[in-house]
Amino acid sequence: MKRALRNGFVVVFITVLCPLLSEAKKKEKLPPDPRFAAIQNISVLPVVDARAGKKAGVNLEKLQGGVVKTLKKKHYSVGAASSSGEVGEVAVEDIEGADPKYLKKLGPSSERWVMVVFLDDVASKITFGSTGNAELRGFLFDKDTGDLIWKDRGVGQAGQGGLMGMTMKGMMKGAALEAAVSSLLASVPKRPK
Amino acid sequence: MKVAHFILCCWVLLLVPCLRAQTPPGGKAIVPIELAKDHEQFVASPSEQVKFAMFKANPALSERVAGASQSPGSAQETQSPRSPDPVQNAEPGSQSSEPAHLASPDMTVAATQSQRLKIILLKPSVRFEDIHKGVRSEWGLREPEANKSAKPLGAEENYENLLLSAARSEVAPKALLLEREKLDSPATDACAKLEALTSRLARGSVNEAATSALAELAALDEHYAILAQFVRLETGPGRSWNPNTGSITSSTDSTLVQVALISGKTGKVIWKGERLIRNKALRPTDSGFSKAITELYRDFDTK
């Protein structure tokens, strides 16, 4: 009898406590910055290839798609732009020291929030297995105010040791790029549904 | 034994005339062919080839011909003033590809010096970057530990000095190298504007601001060109190995050295060099850094 009461008590306790805890956890995920909460639609510009050295083939459209997908998972309304706008070729230096006048020309004229992503490096190599590294950097601007809302860098590493790992070299760049996208956008706060 | 010796001697005597070298009076190489008469056994060479061989064999003759072609009023000089080549001068219509070897060294040096660029050595730009923390890939790789190496890998001045000394030693023999500090004030002002853009200029990206600053330089002297040098030292998550899963990662450290020679007159990149060393952020004391710079300038050219 005592045992049944004790079990019943535990069940009731868990039933009451779990929703409370989950609610508390949800509240923590709210974006702390009102500038992120104000975002209605982000236009992700084509990924800029800012790599140095010999350039191996990378599907930049797929990478842009990866960024869009990750932002959508964070409940942002996102669209992929087909061009960088009137500015033409975008350089990191232009973006780092961008003035409102330059920003007005960045991306589609109808869009207010634009994200620029640079591919800094991606490489794979064979060691005692195979590894892949990728580096990205991103900027999010509010064109109306001319503010830089967010910027970060992301690095992705992938690799597998042994003979099996050696055969997987071709997959390492892709895996590293996926990891780099996740790393880059980890600092973008998740919005409530 | 005697019989064997006799047979051997006979065989040698018969063979020697067949193997005998056949040399023409001019000493030119021979292609033996089977023809009835001796003089038909020599393949006829084009006259340019013969002249070239003769000049090569006798440098004194080459110099005399070159001297004759330099004399005022020479018909050949008026036809081809930029060609000091004796072969071409002897026969202006010829299409020989060999004459470069026969050019008088003094004349070549004089021609080069007259067209020499005045390369202004800008202050190199050194940038330290630190990327922290990686993330798990979808294969469940563990998060690599952040690289805790000291952020400034070495004094900025040390990197700058290495780059400047490499530029001085490698570029100076090929062009006239000017120190930025020793220029007059209008040129110094233009260089100051360009130095703010070194990181992009070094990779050959010339924007509007750079074009206008280069035009200012060109207005002072159209032979001015700038040499922009940039080094980026990046530290990030290091290498790792997970014995449980067998996953491995490589270090994300890297060293990038970029150099570009840009013409003031045209604003175009004359020469560009780039070295990216992955998995290592090199210190100025590392031999790899000096080696990288030396290799960078190996193919330096002002054309």
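Student: Let's start with Tyr159(B): is this residue buried or exposed?
Tutor: Keep in mind that we're looking at a predicted model. To count as buried, a residue needs under 20% relative accessible area. Tyr159(B) sits at 0% relative accessibility, so the verdict is buried.

Student: How many aromatic pairs turn up over all chains?
Tutor: The search takes in the whole structure, with every chain included. The number of aromatic pairs found is seven.

Student: Take Phe118(A) and Phe139(A). What kind of aromatic pair do they form?
Tutor: Their ring centres are 5.9 Å apart, and there's an angle of 90° between the planes. Planes over 60 degrees apart fall into the edge-to-face class. With 90°, Phe118(A) and Phe139(A) make the cut, so the pair is edge-to-face.

Student: How many residues apart are those two along the chain?
Tutor: Phe118(A) belongs to strand β4 of chain A, while Phe139(A) belongs to strand β5 of chain A. The pair links distant parts of the chain, with a separation of 21 residues.

Student: And is Phe139(A) buried or exposed?
Tutor: Its partner Phe118(A) has a relative accessible area of 0%, which means it's buried. Phe139(A) comes in at 3% relative accessibility, so that one also counts as buried.

Student: Over in chain B, what kind of pair do the rings of Tyr159(B) and Phe289(B) make?
Tutor: Look at the distance, then the angle. The centres of the Tyr159(B) and Phe289(B) rings are 5.2 Å apart. Their planes meet at 85°, so the pair is edge-to-face.

Student: How far apart in sequence are the parts that this pair ties together?
Tutor: Tyr159(B) is in helix α7 (residues 156–171) of chain B, and Phe289(B) is in helix α11 (residues 287–296) of chain B. Those positions mean the ring pair ties together parts whose separation in sequence is 130 residues.

Student: Which residue of strand β7 in chain B touches Phe289(B)?
Tutor: Phe289(B) is buried, at 0% relative accessible area. Strand β7 covers residues 254–263 of chain B. Phe289(B) is on the contact list of a residue in that strand, alongside others including Arg275(B) and Ala281(B). That residue is Thr255(B).

Student: Which backbone nitrogen does the side chain of Thr255(B) reach?
Tutor: Thr255(B) is itself buried, at 0% relative accessible area. Its C-alpha atom is separated by 7.2 Å from that of Val231(B), 24 residues away along the chain. The side chain of Thr255(B) goes elsewhere: at 2.9 Å, it reaches the backbone nitrogen of Leu282(B).

Student: What about Asn207(B): which backbone nitrogen does its side chain reach?
Tutor: Asn207(B) is in the loop between α9 (198–201) and α10 (208–220) of chain B. Even in a loop, this residue is buried, with 18% relative accessible area. Leaving aside residues up to four places away in sequence, Asn207(B) touches Leu197(B) and Arg200(B). Its side chain comes within 3.1 Å of a backbone nitrogen, and that nitrogen belongs to Ala210(B).

Student: Now the interface. About how much area do chain A and chain B bury between them?
Tutor: On the contact side, 33 residues of chain A meet 31 residues of chain B. Carbon and sulfur atoms carry 49% of the buried area. The total for chain A and chain B is about 2,500 Å².

Student: Which residues of chain A lose the most area to chain B?
Tutor: There are three of them, and together they make up 25% of what the chain A side buries. They are Glu93(A), Val155(A) and Gln157(A).

Student: Which residue of chain A forms a salt bridge with Arg278(B)?
Tutor: Six salt bridges are counted between chain A and chain B. In the one with Arg278(B), the closest N and O atoms are 2.8 Å apart. The partner in chain A is Asp121(A).

Student: How many residue pairs are in polar contact between the two chains, with both residues at pLDDT 80 or more?
Tutor: This tally is for chain A against chain B, and a polar contact needs N or O atoms within 3.5 Å. The count of residue pairs is 16.

Student: Last one: what share of chain B is buried?
Tutor: Chain B has eleven helices and eight strands. In chain A, with seven helices and six strands, buried residues make up 46% of 193. For the 303 residues of chain B, the buried share is 38%.

Methods: Residues are numbered from 1 along each chain as its sequence is written. Chains are lettered from A and ligands numbered from 1 in the order in which they are written. This is a predicted model: local features need pLDDT of at least 70, side-chain atom pairs count only at pLDDT 80 or more; totals for chains, interfaces and linings use all residues. Side-chain values use heavy atoms; hydrogens and water are left out. Helices (H or I, at least four residues) and strands (E, at least two) are DSSP runs, numbered from the N terminus. Buried means under 20% relative accessible area, exposed over 50%, partly exposed in between (1.4 Å probe, protein chains only). Contact means heavy atoms within 4.5 Å. A polar contact is a pair of N or O atoms within 3.5 Å; within protein, one must be able to donate a hydrogen and the other to accept it, and residues adjacent in sequence count only if both atoms are side-chain atoms. Buried area is the accessible area (1.4 Å probe) that two parts lose on being put together, summed over both. A salt bridge is a side-chain nitrogen of Lys or Arg within 4 Å of a carboxyl oxygen of Asp or Glu. Rings of Phe, Tyr and Trp (its six-membered ring) pair if their centres lie within 6.5 Å; planes under 30 degrees apart count as stacked, over 60 as edge-to-face and the rest as tilted.
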